[in-house]
Amino acid sequence: MPSSLQQLSRDLLARILSYLGFLDLKSICLTSRLLHTAATSPKLWRLFRLDCRAVLRFSSPAVLLQVLQLPRLRQLRHVDLFLCLPQHRAVQHPGCCLSPVQCSEVLEAVEQLGVESLGLRAARLAALSPVLVARLVLGVQRVDMRYTARYGPSPFMFQVNSCTL
């Protein structure tokens, strides 16, 4: 005899799961095959805001690439690369920054996702491939590029040829 969950239509089960938070969705994936299939639907994960810095804090750049290529994140709308790309000296945080090769791989993976919103705050964009950055930025509806200019010790003190503005 099928369980009561198996009697629910896929649409109804997806609707029920849509009320869960992302941590709960991640946990429910481990309970049964039926719930794993339902909870890993890309539609449920598209509003998830992927904070790449959090992934890098607990794992390696290779794991970040694997996360970006997860089938459940195919429809992801928001990716935040804050403090993951090469940074200005004034905001550098040890252990979070990717190498130029890793940056290219991550940016290409993000480009494949076709996100709507991309966070590039505090990135030293001059250290990245201009063609890749241009392709990525032009393909995204909303890009946060705050603090990407050259600035001094405080993020609010912008410098132009040693003049503080």
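Strand E2 (residues 78–80) and strand E3 run parallel and are joined by 3 bridges; strands are DSSP runs of E of at least two residues, and helices are runs of H or I of at least four, numbered from the N terminus. Ser117 in E3 is the bridge partner of His78. The model is predicted: local features need pLDDT of at least 70, side-chain atom pairs count only at pLDDT 80 or more, and totals for chains, interfaces and linings use all residues. Residues are numbered from 1 along each chain as its sequence is written, and side-chain values use heavy atoms, with hydrogens and water left out.

E2 and E3 belong to an open sheet of 4 strands in the order E1-E2-E3-E4, with parallel pairing; two strands pair if DSSP finds at least two bridges between them. Its edge strands, E1 (49–51) and E4 (142–144), each pair on one side only.

Helix H9 (residues 130–138) has two contrasting sets of residues, classed by relative accessible area (buried under 20%, exposed over 50%, partly exposed in between; 1.4 Å probe, protein chains only).

| Set in H9 | Residues |
|---|---|
| Buried | Leu132, Val133, Leu136 |
| Exposed, on the face turned away from the buried side | Pro130, Val131, Leu138 |

The buried residues of H9 fall within an arc of 95° seen down the helix axis, taken from the directions from that axis to the C-beta atoms, so they line one face. Their cover includes helix H8 (100–113) and strand E3 (117–119), where contact means heavy atoms within 4.5 Å.
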